[in-house]
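Colleague: Could you take me through the pockets of this model, one by one? I would like to see what lines them.

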Amino acid sequence: NALNDAPFSRRQLLQFATDYEGHPDNVAPALFGGLVLGVQGDEGLHVEQIGIPPLRVVYVLPDFDLLTETARAALPLQVPRADAIFNASRLGLLIRALQLADYEKLALAMDDRLHQPYRMPLVPGMAAAFEAAKAAGAASVAISGAGPSVIAFAEEGHEGVKTAVMHAFAQAGLTSRAWILPIDTLGTRMAGEP
């Protein structure tokens, strides 16, 4: 787009990418940064950007091949109503906890019954990595995307969380790479753009 004098707006680029990807879950935050809600409706894509303070996360990628198709296949076609309600009831709290950088609320809001219980057994050491992260001070831990990577939110002590998660994977026979990353709030930019 930039090489062609930007004929398309960011919203148009998002629609193209969403059409290609099938959903806006990954491309919307990549383009816009921060916390982005995206819903495909009859009239097109609706996107809401929600401001959040600067946060840092621990991201650990174990050396384990987990195809997205395999992770998707692990999910049941139907879930118990109680589990759907459990997850849906936490969405508002999750958004608010991220807006306020409220780590205590984030711990409750990131509980999950829809995908993590089914995907966790696919990766050696994943359950231990979650426990290790929390024991080292992470407020909440989640499988990032379909896996096998782990994302941990902590107010402080990021190095200790990173080391603990890497050690848990090592105990399961997996090497891993890890980063302490700020959450990008600007999205995709060309060099020199404000």
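Modeller: Happily; here is a walk through the pockets. This is a predicted model, in which local features need pLDDT of at least 70 and side-chain atom pairs count only at pLDDT 80 or more, while totals for chains, interfaces and linings use all residues. Residues are numbered from 1 along each chain as its sequence is written, and side-chain values use heavy atoms, with hydrogens and water left out.

A pocket here is an open set of points on a 1 Å grid over the protein atoms alone, where a 1.4 Å probe fits, with protein on both sides within 12 Å along at least five of seven lines; lining residues have an atom within 4 Å of a point. The largest pocket has a volume of about 1900 Å³, a volume being the space filled by probe spheres set on the points, which are joined across faces, edges and corners. Its lining counts 44 residues, with Asp25, Asn26, Leu94, Ile143 and Gly145 nearest the centre. Helix H4 (81-100) is among the elements that supply at least two lining residues each, and H4 gives the largest share, 6 residues. By type, the lining of the largest pocket holds 24 nonpolar, 12 polar and 8 charged residues.

The second largest pocket has a volume of about 230 Å³. Among the residues lining this second pocket are Asn1, Phe8, Arg10, Leu31, Met190 and Glu193. Its lining divides into 6 nonpolar, 3 polar and 3 charged residues.

Definitions and conventions
Helix = DSSP H or I, 4+ residues; strand = E, 2+ residues; numbered from the N terminus. Nonpolar A, V, L, I, M, F, W, Y, C, P; charged D, E, K, R; others polar.
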